[in-house]
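Here's a quick briefing to go with the sequence and structure. Have both open while you read, and jump between the groups as you like.

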Amino acid sequence: MSSPHTQPRVWIEIDLSAIRANYEQVVAFKAPEARCLAVVKADGYGLGGEALAKALAQAGCDAFGVTTVAQGAALRRGGIQGLILVMGPTKPDEWSEALATELTLAVSELTMLQELEEFCAAQHGEEPALSRTLDIHLEIETGLGRTGLFPEDLRAAMPVLLSLRCLKITGIYTHFAQAERKRGRKYSQRQFRQFCSAVDFLKENGIEPGLRHVCNSPAFLTFPEFHLDMVRIGTLLIGQLPASHLGGRLKLRDPWTAKAKILQVRRVPAGKRVGYNGLYRTRTDTQLAVIGLGYADGFAVEPRLVPKGVFDLAKIIIKNIFLLCNIPWHSGSDNIFIGGHRVRVAGKVGMELTVLDVGQIDCTTDQDAMIPLRRTSAGSRLQRVYFDGEECLFPPCVEDAADKFVE
Ligand SMILES: *Cc1c(COP(=O)(O)O)cnc(C)c1O
């Protein structure tokens, strides 16, 4: 942890104006009658859940999705209004907080429906008519195989659904399993048809299911006809594409820049081995720079387990042959930049330190390196610094950063 008045070794700059711009792109693309629920789970995909939600609320967003009651309650306490949908399964010990902070809960199991209704009724005593209700969205399992009521559960659920006194059904949804796959179209369409049958079944039995929503980011881009009453968007709002073949439809901005101070620079001769297992050897006279970032912070040049194509497969095979033969492997794909020059990681990433081969560029310890860092796995200890365009803000959620971070 950095002490007061020292600049962090590694920090992440987040431009909230880019997030608002992405939101506007999503709004322009969506079916006019569909609402946009911003998914801000996992601490806002690593960008900071509260900061992200506030920026989006500023841009007009009035619905948010999270995984847990704790995440939802934190948003509410932070002043976020409107719909907050807890999409993950919840446990009875979380329900009173959900009720107190007026969250909307996903009902993803038959037993949960009954228990939640009983819980809610017990909170209200004898006069449920006078008391608040708890809003629920029914999650229908159509092919992800994770959570959600099986369509065939609905028949068994009918008596309970028709006699709810405390719970109010305000939505119904499902979640796609293969929307980002080019070859997943048929699977998604089948999921969609199952979902529609479930909605029809409820309506035929006298239940108005409320907001119907199915789209995550890839389905949103692929199936405009699936937008229905609401779409649930996370990835696009943080400026990323769910899959490269989905590019070109929206002009997204990347709000995220991870930076690391150069802690040390040294000249070394050709043939110098670097890092654990000696996997890297310098080819020429060069300079090695050290940054204070490693795999403990989520900086892993993660092995991609499933090759994306023949080229990728060949690369992985060749790389592994090189490693087996103990020949140093130079990966040219590291997108690390110092002063506009591309540099690369030398050897294995350490726990908290990483060595860069910076060649002959002008490199000093006054400089920063720009680092590619996966948003959702970037360590939560890494300081987030919020900007609105060029202007540096320190929102309340990182207030104590202001005095920690003195240029
Ligand atoms: C994470 C999540 C989303 C958002 O998905 P993106 O592809 O990131 O937009 C939508 N719905 C559910 C249920 C999710 O868990």
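Let's start with Ser188, which sits in helix α8, residues 185-204. This is a predicted model, and in it Ser188 counts as buried because its relative accessible area is just 1%, where buried means under 20%. Setting aside neighbours within four places in sequence, Ser188 is in contact with Phe176, Gln178, Ala179, Phe223 and Phe226.

**Arg146, for contrast**

- Arg146 belongs to the loop that runs between β6 (134-139) and α7 (153-162).
- Is Arg146 buried or exposed? Arg146 has a relative accessible area of 62%, so it falls in the exposed class, which takes over 50%.
- Not counting residues up to four places away in sequence, Arg146 touches Glu141 and His175.
- Arg146 and Ala177 are 31 residues apart along the chain, and their C-alpha atoms are separated by 9.6 Å.

**The ligand and its shell**

- The ligand is surrounded by 13 residues, and the closest are Lys41, Tyr45, Ser217, Gly234 and Thr235.
- Sorted by class, that shell comes out as five nonpolar, five polar and three charged residues.
- Three elements each supply at least two residues of the shell: α2 (41-45), α9 (217-222) and β9 (230-233).
- On the oxygen side, a polar side-chain atom of Tyr45 lies 2.6 Å from an oxygen atom of the ligand, and an N or O atom in the side chain of Ser217 is 2.5 Å from a ligand oxygen atom.
- A nitrogen atom of the ligand gets a partner too: an N or O atom in the side chain of Arg232 is 2.8 Å away.
- On its own the ligand has 390 Å² of accessible area, and the protein covers 89% of that.

**Nonpolar cores**

- In soluble globular proteins, nonpolar side chains tend to be buried together.
- How many residues does the largest nonpolar core have here? The count is 110, and Leu56, Leu161 and Leu356 are the ones with the most contacts inside it.
- Take Leu356: leaving out neighbours within four places in sequence, its contacts include Gln287, Leu288, Ala289, Ile291, Ile336, Ile338 and Ala369. Val343, Arg344, Val345 and Ala346 are also among the contacts of Leu356.
- Apart from the largest core lies another one, of five residues, including Val268, Val274, Tyr280 and Ala346.

**Helix α3 and what it packs against**

- Helix α3 covers residues 49-58, and its buried residues include Gly49, Ala51, Leu52 and Ala53. Ala55 and Leu56 are buried in α3 as well, and Leu56 has already come up among the residues with the most contacts inside the largest core.
- An α-helix has 3.6 residues a turn, so residues three or four places apart point the same way.
- Which elements do the buried residues of α3 pack against? They pack against the helices α1 (16-29), α2 and α4 (69-77), along with the strands β2 (35-39), β3 (63-66) and β18 (383-388).
- Just after α3 comes Gly60, with a positive phi of about 110 degrees.

**The chain as a whole**

- The chain holds 11 helices and 19 strands.
- It has 407 residues, and 49% of them count as buried.
- Looking at contacts with a separation of 6 or more, 68% are between residues 24 or more positions apart.
- About 20200 Å² of the chain is exposed, with carbon and sulfur atoms supplying 52% of that area.

Key. Residues are numbered from 1 along each chain as its sequence is written. This is a predicted model: local features need pLDDT of at least 70, side-chain atom pairs count only at pLDDT 80 or more; totals for chains, interfaces and linings use all residues. Side-chain values use heavy atoms; hydrogens and water are left out. A residue is near a molecule or strand if one of its heavy atoms lies within 4 Å of it. A polar contact is a pair of N or O atoms within 3.5 Å; within protein, one must be able to donate a hydrogen and the other to accept it, and residues adjacent in sequence count only if both atoms are side-chain atoms. Accessible areas come from the Shrake-Rupley method with a 1.4 Å probe; for residues, only the protein chains shown count as cover. Helices (H or I, at least four residues) and strands (E, at least two) are DSSP runs, numbered from the N terminus. Ala, Val, Leu, Ile, Met, Phe, Trp, Tyr, Cys and Pro count as nonpolar, Asp, Glu, Lys and Arg as charged, and the others, Gly among them, as polar. A nonpolar core is a set of buried Ala, Val, Leu, Ile, Met, Phe, Trp, Tyr and Cys residues joined through side-chain atoms within 4.5 Å. Buried means under 20% relative accessible area, exposed over 50%, partly exposed in between (1.4 Å probe, protein chains only). Contact means heavy atoms within 4.5 Å.
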